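The following exercises are to be worked from the sequence and the coordinates. Each task is followed by a stepwise solution.

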Amino acid sequence: MNVTPIEAAPQYHPSGHFDMRCLRLQGMEAGPSETLWMGMSEIAPGGHTSLSASPYEKLYLVVEGEVVVSTEDEEAVLRKLDSCRIAPGEARLLENRGKLPARIVLCMPLAKEKT
């Protein structure tokens with residue numbers, strides 16, 4: 001078992017994230033994991049990501065507030081306990097258009113090693 005108390009969760013700084021505080025909850029520098037990692041981001045009002053894609057599937061779960069998730073084709077407003085999947089290669093943008101902070105959990109596979 002690997003327990004990461006929230007107070008000990010390491011902060012990380014992904015590019016293309018603005019007015020966001022990102023914490024690693026499991027995997028990578030937060031502890032061992034063989035297939036995926038989990039993070040949580042606090043998005044300040046007006047905070048957002050750039051519209052970008054990665055080769056990995058992403059699963060998001062809003063745990064507080066409201067987050068707008070946009071792709072090149074559509075937009076969805078996610079509220080507490082709403083979730084969504086972003087397919088591999090699908091560009092997405094996250095945005096907090098509200099007046100209060102929002103929190104969103106991200107689960108995604110570990111990067112595959114290049115051989």
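**Exercise 1.** Which residues does Ile104 touch, not counting residues up to four places away in sequence?

*Solution.* The model is a predicted one, in which local features need pLDDT of at least 70 and side-chain atom pairs count only at pLDDT 80 or more, while totals for chains, interfaces and linings use all residues. Residues are numbered from 1 along each chain as its sequence is written, and side-chain values use heavy atoms, with hydrogens and water left out.

Step 1. Contact means heavy atoms within 4.5 Å.

Step 2. With residues up to four places away in sequence not counted, Ile104 touches Gly39, Met40, Ser41, Ile43, Tyr60, Leu61, Val62, Val63 and Val67.

**Exercise 2.** Describe the largest nonpolar core and state which strands supply it.

*Solution.* Step 1. A nonpolar core is a set of buried Ala, Val, Leu, Ile, Met, Phe, Trp, Tyr and Cys residues joined through side-chain atoms within 4.5 Å. Buried means under 20% relative accessible area, exposed over 50%, and partly exposed in between (1.4 Å probe, protein chains only).

Step 2. The largest such core has 17 residues, and those with the most contacts inside it are Trp37, Tyr60, Val67, Val69, Ile104 and Leu106.

Step 3. Strands are DSSP runs (E, at least two residues), numbered from the N terminus. At least two residues of this core come from each of strand 2 (17–26), strand 3 (36–49), strand 4 (58–64), strand 5 (66–70) and strand 9 (102–109). Strand 9 gives the largest share, four residues.

Step 4. Another core, of five residues, lies apart from it and includes Ala9, Leu23, Met40 and Val105. In soluble globular proteins, nonpolar side chains tend to be buried together.

**Exercise 3.** Which residues lie nearest the centre of the largest pocket?

*Solution.* Step 1. On a 1 Å grid over the protein atoms alone, a pocket is an open set of points where a 1.4 Å probe fits, with protein on both sides within 12 Å along at least five of seven lines; lining residues have an atom within 4 Å of a point.

Step 2. His17, Lys58, Arg92, Leu106 and Met108 lie nearest the centre, within a lining of 29 residues.

Step 3. By class, this lining has 17 nonpolar, nine polar and three charged residues. Here Ala, Val, Leu, Ile, Met, Phe, Trp, Tyr, Cys and Pro count as nonpolar, Asp, Glu, Lys and Arg as charged, and the others, Gly among them, as polar.

**Exercise 4.** Is Thr4 buried or exposed? Characterise its surroundings.

*Solution.* Step 1. Thr4 is found in the segment before strand 1 (11–12). Thr4 counts as buried because its relative accessibility is 18%.

Step 2. Leaving aside neighbours within four places in sequence, Thr4 is in contact with Ala9, Arg24, Leu25, Gln26 and Ala30.

Step 3. The side chains of Thr4 and Gln26 are joined by a polar contact of 3.2 Å. A polar contact is a pair of N or O atoms within 3.5 Å; within protein, one must be able to donate a hydrogen and the other to accept it, and residues adjacent in sequence count only if both atoms are side-chain atoms.

**Exercise 5.** Characterise Arg79 in the same manner.

*Solution.* Step 1. Arg79 is found in strand 6 and, at 45% relative accessibility, counts as partly exposed.

Step 2. Not counting residues up to four places away in sequence, Arg79 touches Val62, Gly65 and Glu66. A polar contact of 3.1 Å joins the side chains of Arg79 and Glu66.
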